[in-house]
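Hi everyone, thanks for coming. I'd like to walk you through one structure today, so please have a look at the screen.

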Amino acid sequence: MYFQRNERGLSWAGTELNSLLPQIRQHLIKHYDYQGPFYAYHGAVIEARCKSLQEKLPNAFFYYSLKSLSNIHIIKKILSFDRFGLDIVSLGELERALLAGGKPEKIVFAGVAKTKTEILSAIKAGIRSFHVESVAELRSLQELAASVGVKAGVALRMNPDVEVDTHKYITTGKEENKFGISRAELPEILHCLREGKNLQLKGLQAHIGSQILDPVPYAKSLAVLNEIAQALRRENFPHLEYISLGGGFGVDYKSMYSELPVNQFSLDELHKILSQCSFESNELHFEPGRYISAMSGVLVSKVRHIKPKSNYDIALIDAGMTELLRPALYGAVHPITTLHALSEYELNRLQTYEIAGPICESSDVFARGVQLPFLKEDDDVLILHAGAYGSVMASNYNTRPLAPEVLIQNDSFQVIRRPQTYKEILASEMI
Ligand SMILES: Cc1ncc(COP(=O)(O)O)c(C=O)c1O
């Protein structure tokens with residue numbers, strides 16, 4: 001699943017990149033007259049990640065959080081696993097989910113401030129449930145469901161006030177975060193549910209954060225949800241269809257070659273911890289995003305210029321924060337590598353570089369002090385583990401087109417998103 005390097009260069013999950021990447025570049029030039037950066041995803045890695053979730057958490061169901069990587073072709077692949085549904089956060093994601101063949105009864109809708117249009121469209125599509133985050137949202141859902149004469153499924157997104165050790169921008173389950181329903185709001189929520197003739201309570205949910213490496217907070221979150229489920233039963237609410245512990249399983253952003261990454265969330269440990277817990281519902285759900293998508297994607301770029309500096313040279317590449325925002329947004333560090341042969345990676349042949357993008361921002365830097373073989377113009381530079389929160393956070397800043405996406409399967413590839421054209425970027429302004 002990881003990368004290997006030998007005298008022929010770099011391979012990824014058995015695919016020799018030194019022969020495939022030039023073919024992809026040629027294809028993009030020939031068919032789209034495009035020479036910029038692109039995202040490459042590996043089908044075998046996506047499959048391996050979904051398979052390991054199904055195998056290691058044998059009683060659970062997974063609602064893939066498509067915000068992490070939402071290309072329709074990727075969603076289709078994930079939906080080929082039988083215990084998978086989809087977790088969406090917008091009307092746009094609902095459209096993607098349906099276009100990818102997602103079944104409405106296996107779609108849940110999260111989000112802290114859904115609009116009326118979004119709610120109504122999702123009601124009409126017949127999704128399984130809305131992960132409701134406030135009294136105001138619940139009232140709005142009741143009103144809109146009544147307007148079309150149907151019952152809307154509801155799962156309460158609770159804020160379990162559980163601490164997790166991760167970046168402050170991706171902590172979501174603490175009392176001070178904007179997400180979820182607090183215990184104090186529960187009586188009013190239950191009142192609305194009792195009064196709401198068009199609401200059907202199906203579950204409880206909590207999402208405590210992202211890039212989590214320790215499984216213990218999930219057990220703590222489950223304990224809080226179990227307690228609430230018991231309280232609901234005492235109030236004569238029916239047995240819940242599901243409890244969802246959200247997403248957040250962390251991945252190893254540091255390792256490149258290791259088959260057994262050390263800094264990765266352990267599904268085995270989670271299984272062990274959770275098998276000692278009871279759960280007060282028919283089904284146990286998770287909403288993994290990054291765990292499936294992060295290692296499945298590489299951002300492929302090439303060197304434009306080398307700029308000498310007093311401490312070390314800067315390699316200016318053709319991808320920037322417009323294609324991968326995480327380093328500029330969170331200070332995230334991704335491994336960066338090249339297609340050079342193994343012998344070029346001997347310590348005495350390595351140089352130190354800063355790898356920076358072309359965007360007019362000082363934060364448009366991917367890494368400082370990276371050790372790489374001697375780089376020259378047009379050399380390929382690969383930013384690894386860029387599948388999650390990569391292409392989905394891309395922007396047209398500096399009026400740069402969205403980069404194409406390519407799906408690798410064995411030794412062949414398929415373009416799954418063509419490069420955006422300038423005409424497309426400008427079309428909505430030509431009024
Ligand atoms: C409600 C919810 N579920 C699932 C996820 C997916 O998280 P991750 O990609 O870390 O698994 C998120 C991410 O923000 C989320 O907000």
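I'll go from the barrel to one of its helices, then to the ligand, and finish with a few single residues.

Before anything else, please keep in mind that this is a predicted model.

Let's begin with the barrel. Eight strands make a closed barrel in the order S5-S6-S7-S8-S9-S10-S11-S12, and their pairing is parallel. On average, neighbouring strands of this sheet are turned by 30 degrees against each other, if we ignore direction. As a reminder, strands of a sheet pair through backbone hydrogen bonds, either parallel or antiparallel.

Here are two of those pairs. Strand S5, residues 60-65, runs parallel to strand S6, residues 84-88, and four bridges join them. Ser65 has Asp87 in S6 as its bridge partner. Packed on the sheet is helix H8, residues 216-234, which touches strands S10 (199-205), S11 (240-244) and S12 (281-286). The direction of H8 makes about 155 degrees with that of S11.

The second pair is S10 with S11, parallel again, over three bridges. Gln205 is bridged to Ser244 in S11. And how much of S11 is buried? Four of its five residues are, so S11 is largely enclosed by the rest of the structure.

Now for a helix that I find fun to look at, H5, residues 116-125. Which residues of H5 are buried? They are Glu118, Ile119, Ala122 and Ile123. Looking down the axis of H5, these buried residues fall within an arc of 130 degrees, so they line one face of the helix. The general background is that an α-helix has 3.6 residues a turn, so residues three or four places apart point the same way. The buried residues of H5 pack against helix H4 (91-99), strand S7 (107-109), helix H6 (135-147) and strand S9 (152-157). On the other side of H5, Lys116, Thr117 and Lys124 are exposed. After H5 comes Gly126, with a positive phi near 80 degrees.

Gly126 also leads us to Glu105, which sits in the loop between H4 and S7. Beyond its neighbours within four places in sequence, Glu105 is in contact with Gly126 and Arg128. Is Glu105 buried or exposed? It has 11 other C-beta atoms within 10 Å, so it counts as exposed.

On to the ligand. 16 residues surround it, and the closest are Ser65, Ser210, Gly247, Gly289 and Arg290. You'll remember Ser65 as the bridge partner of Asp87. By type, the shell around the ligand divides into five nonpolar, eight polar and three charged residues. To relate this to our loop residue, the C-alpha atoms of Glu105 and Gly247 are separated by 19 Å, with their positions 142 residues apart along the chain.

There is also an open sheet of three antiparallel strands, in the order S1-S2-S3. Strands S1 (3-6) and S3 (15-16) stand at the edges with a single partner strand each, so one side of each has no neighbour in the sheet. Strand S2, residues 9-12, pairs with S3 over two bridges, and Ser11 has Glu16 as its partner in S3.

Last stop: the loop between strand S18 (380-383) and strand S19 (405-409), where His385 lies. Thr399 is found in the loop between S18 and S19 too. Phi is positive in His385, near 55 degrees, and in Thr399, near 50 degrees; neither is a glycine. His385 counts as buried, with 26 C-beta neighbours inside 10 Å, whereas Thr399 is exposed, with 9.

That's my tour, and I'm happy to take questions.

Note on methods:
Residues numbered from 1 in each chain as written. Predicted model: local features only at pLDDT ≥ 70, side-chain atom pairs only at ≥ 80, totals over all residues. Near = placed C-beta within 6 Å. Nonpolar A, V, L, I, M, F, W, Y, C, P; charged D, E, K, R; others polar. Pairing = 2+ DSSP bridges. Axes fitted to C-alpha atoms, helices over the stretch in contact; angles between N-to-C directions. Contact = placed C-beta atoms within 7 Å. Buried ≥ 20, exposed ≤ 12 C-beta atoms within 10 Å, placed from the backbone. Arc of directions from axis to C-beta.
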